[in-house]
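User: Please take a close look at one part of this structure with me. I am new to this, so explain the terms as you go.

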Amino acid sequence: MLSCQSASRLVSQSLDRPLHWQEKLALRFHLAICRHCRRFVKQLNQLQSAVKTMMQRTEADASIMLKPEAKARIMHIIQQHH
Ligand SMILES: [Zn+2]
């Protein structure tokens, strides 16, 4: 059986690389019996989705910043075609 330390290490590694099926299985068994690690996984998932949302928002901001330039380019292309 995995220790909580190994389980949490596997959980953080799963963010960086796909886990081996044996690791997944061991982790699943551990999470089934360990409430503390389940909470850790939940927190990590929340953190990950928060980071994802933040990055998506940054991309959206970047596209807003690019907008005038992109618009000018589109207008230029349209004018060339007419
Ligand atoms: Zn645990």
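Analyst: Let's start at the surface. M1, W21, L25, F29 and I33 form a nonpolar patch there, with about 660 Å² of accessible area together. Such a patch joins nonpolar side chains (Val, Leu, Ile, Met, Phe, Trp, Tyr) within 5 Å, from residues with over 30% relative accessible area and no salt bridge. Areas come from the Shrake-Rupley method with a 1.4 Å probe, and for residues only the protein chains shown count as cover.

Before we go on, note that this is a predicted model: local features need pLDDT of at least 70, side-chain atom pairs count only at pLDDT 80 or more, and totals for chains, interfaces and linings use all residues. Residues are numbered from 1 along each chain as its sequence is written, and side-chain values use heavy atoms, leaving out hydrogens and water.

Two members of the patch deserve a closer look. F29 lies in helix α2, residues 21-33, and I33 has its place in α2 too. Helices here are DSSP runs (H or I, at least four residues), numbered from the N terminus. With a relative accessible area of 51%, F29 is exposed, and I33, at 62%, is exposed as well. The cut-offs are under 20% for buried, over 50% for exposed, and partly exposed in between. From I33 to A70, 37 residues further apart along the chain, the C-alpha atoms are separated by 54 Å.

For contrast, turn to L10, found in helix α1, residues 4-16. L10 is buried, because its relative accessible area is 9%. Its C-alpha atom is 11 Å from that of H30, although their positions lie 20 residues apart in the count along the chain.

H30 leads us to the metal. The zinc ion is coordinated by H30 through NE2, and by C4, C34 and C37 through SG, at 2.0 to 2.4 Å. Donors are N, O and S atoms within 2.8 Å of the metal (3.2 Å for Na, K and Ca). Their spacing along the chain is C-x25-H-x3-C-x2-C. The 4 donor atoms subtend angles of 99 to 114°, so the arrangement is tetrahedral, a label that needs all angles between 85 and 135 degrees. Both C34 and C37 are buried.

Next comes R17, in the loop between α1 and α2. R17 counts as partly exposed because its relative accessibility is 32%. Its side chain meets that of E23 in a salt bridge (3.1 Å, N to O), and the count of salt bridges comes to 1. The rule asks for a side-chain nitrogen of Lys or Arg within 4 Å of a carboxyl oxygen of Asp or Glu. R17 and S3, 14 residues apart in sequence, are 20 Å apart in space, C-alpha to C-alpha.

Finally, a word on confidence. Helix α2 has the highest confidence, at a mean of 95, while helix α3 (residues 35-81) has the lowest, at 81. The chain's mean pLDDT, the predictor's confidence in each residue from 0 to 100, is 86, and 91% of its residues reach 70 or more.

Notes
Tetrahedral: all angles 85-135°; square planar, octahedral: opposite > 155°, others 65-115°. Buried < 20%, exposed > 50% of the residue type's maximum accessible area, 1.4 Å probe, protein only. Patch = residues over 30% accessible without salt bridge, like charges linked within 9 Å, V, L, I, M, F, W, Y side chains within 5 Å. Helix = DSSP H or I, 4+ residues; strand = E, 2+ residues; numbered from the N terminus.
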